[in-house]
Protein chains: 2
Amino acid sequence: MPPSTPKQASRRRVRLDRLLDPALLRALAEPTRAKLLSCLLKCGRPCSVTEVAACCSVDFSTVSRHLATMARAGLLTADKQGRTVWYSADGESLAAHFRDLAEAIDELSPDEGCCGGTACGSDGGC
Amino acid sequence: MPPSTPKQASRRRVRLDRLLDPALLRALAEPTRAKLLSCLLKCGRPCSVTEVAACCSVDFSTVSRHLATMARAGLLTADKQGRTVWYSADGESLAAHFRDLAEAIDELSPDEGCCGGTACGSDGGC
DNA sequence: GCAATACTTGCATAATGGCGTCAGTACGCA
DNA sequence: TGCGTACTGACGCCATTATGCAAGTATTGC
């Protein structure tokens, strides 16, 4: 019985399920937000909302909201000083998250799995 | 002028912009889809829509749609044999994609960037 | 205090997306 | 040819979200 049925397999609690964070992924999945994040990463320093808004054609308030959304999702950190808010992207931790995701997926691949793809427990629990 | 303004930085065409594929990320960002993908990865073999649908509580047609969406985004491959469609997740290529993403982000970090964070071209083009 | 700057928030609108129902298509088998 | 299985597609409902505009809230400088 090489691996198991999907239903059995789905009961296994794995690291991947935690790393596939919907909030973070949704924050990344919107093109405008992705562009803003990329912009902040390229810039490599904290930037104000005004500065970032100059990168794209959408309204200033929209940019403000997008940045707040990404900060809430943990993609950015906000540092308010006086009347300006400095947003910065932590490239290292984001890269680390993606590497963790890659690792978590590798853990599930048949080649390196619990049973080498040859036999699993009857409950698919490996 | 350490790095540049976000506006200048945003003009740089980098690998990250290609890897931050909205279609792929949107396909991953939906909890039900993430669960289905995880299920297929855990299972480690091609599964039919019927099998996968047994993993979650949503309607069969919804599962069919989700799987088609992920296939369109390149997360899954579909192989129709007779009247059943075998969907399979390529864990290796997905993991590779995430690793590429991590690398592309690292390429932008000031520590390893073009100029070590000390000086960039006046056009921010590095 | 007053004006300007830098954001945030409320509101209305439009678009998107997920979902179930139900009908249709395609295939296998007797 | 008829029936059952395995999906897919069209349709409508509803919740969420992206967006622009306008008003509001700090905060700074004069």
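This is a short talk on a predicted model of two protein chains, A and B, with DNA strands C and D.

Let me start with chain A. Chain A has 7 helices and 3 strands. Read from the N terminus, its elements go α-α-α-α-β-α-α-β-β-α. The chain holds 126 residues, and 45% of them are buried.

Now DNA strand C. There are 23 residues around this strand. Which of them come nearest? They are A:T50, A:S64, B:R33, B:D59 and B:H66. Both protein chains appear in that list. On the DNA side, look at the atoms of strand C that come within 4 Å of the protein: sugar and phosphate account for 63% of them.

Which elements supply the residues? From chain A, take α5 (49–53), α6 and β3 (84–89). From chain B, take α4 (31–43) and α6. Each of these gives at least two residues to the surface near DNA strand C. Sorted by class, that surface has 10 polar, 8 charged and 5 nonpolar residues.

Here are some polar contacts to strand C. In the side chain of A:T50, an N or O atom sits 2.2 Å from a phosphate oxygen of DNA strand C. A:V85 uses its backbone: an N or O atom there is 3.1 Å from a phosphate oxygen of the strand. Chain B contributes B:T32, where a side-chain N or O atom is 3.3 Å from a phosphate oxygen of DNA strand C.

On to DNA strand D. Again, 23 residues lie around the strand. The nearest are A:D59, A:H66, B:T50, B:S64 and B:R83. Of the strand D atoms within 4 Å of the protein, 67% belong to sugar or phosphate, and the rest belong to bases. By class, the residues near strand D are 5 nonpolar, 10 polar and 8 charged.

What does A:R65 reach on strand D? A base oxygen: it is 2.7 Å from an N or O atom in the A:R65 side chain. A:H66 goes to the backbone of the DNA instead, with a polar side-chain atom 2.3 Å from a phosphate oxygen of strand D. From chain B, a backbone N or O atom of B:V85 is 3.3 Å from a phosphate oxygen of DNA strand D. The elements giving two or more residues to this surface are α4 (31–43) and α6 (60–72) of chain A, along with α5 (49–53), α6 (60–72) and β3 of chain B.

That brings us to the sheet in chain B. It is an open sheet of 3 strands, ordered β1-β3-β2, and the pairing is antiparallel. The edge strands are β1 (47–48) and β2 (76–81), each pairing on one side only. Strand β3 of chain B covers residues 84–89 and pairs with β2(B) over 6 bridges. Strands of a sheet pair through backbone hydrogen bonds. For register, B:Q81 stands opposite B:T84 in β3(B), and B:T77 stands opposite B:S88.

β2(B) and β3(B) form a hairpin. How many residues lie between them? There are 2. In the turn, B:G82 has a positive phi of about 65 degrees.

Next, the aromatics. The whole structure has 1 aromatic pair over all chains. It is A:F98 with B:F98: the ring centres are 5.8 Å apart and the planes meet at 10 degrees, so the pair counts as stacked. This pair crosses between chains, linking helix α7 (residues 91–108) of chain A with helix α7 (residues 91–108) of chain B. Are these two rings' residues buried or exposed? A:F98 is buried, at 0% relative accessibility. B:F98 is buried too, also at 0%.

Last, the cysteines. A disulfide is a covalent bond between the sulfur atoms of two cysteines. How many disulfides are there over all chains? The count is 0. Take A:C43, whose nearest cysteine sulfur is that of A:C47, 3.7 Å away. The cut-off for a disulfide is 2.5 Å, so A:C43 is in none. A:C43 is buried, with a relative accessible area of 0%. A:C55 counts as buried as well, at 12% relative accessibility, because the limit is under 20%.

Methods
Residues are numbered from 1 along each chain as its sequence is written. Chains are lettered from A and ligands numbered from 1 in the order in which they are written. This is a predicted model: local features need pLDDT of at least 70, side-chain atom pairs count only at pLDDT 80 or more; totals for chains, interfaces and linings use all residues. Side-chain values use heavy atoms; hydrogens and water are left out. Buried means under 20% relative accessible area, exposed over 50%, partly exposed in between (1.4 Å probe, protein chains only). Two strands pair if DSSP finds at least two bridges between them. Helices (H or I, at least four residues) and strands (E, at least two) are DSSP runs, numbered from the N terminus. A residue is near a molecule or strand if one of its heavy atoms lies within 4 Å of it. A polar contact is a pair of N or O atoms within 3.5 Å; within protein, one must be able to donate a hydrogen and the other to accept it, and residues adjacent in sequence count only if both atoms are side-chain atoms. Ala, Val, Leu, Ile, Met, Phe, Trp, Tyr, Cys and Pro count as nonpolar, Asp, Glu, Lys and Arg as charged, and the others, Gly among them, as polar. Rings of Phe, Tyr and Trp (its six-membered ring) pair if their centres lie within 6.5 Å; planes under 30 degrees apart count as stacked, over 60 as edge-to-face and the rest as tilted.
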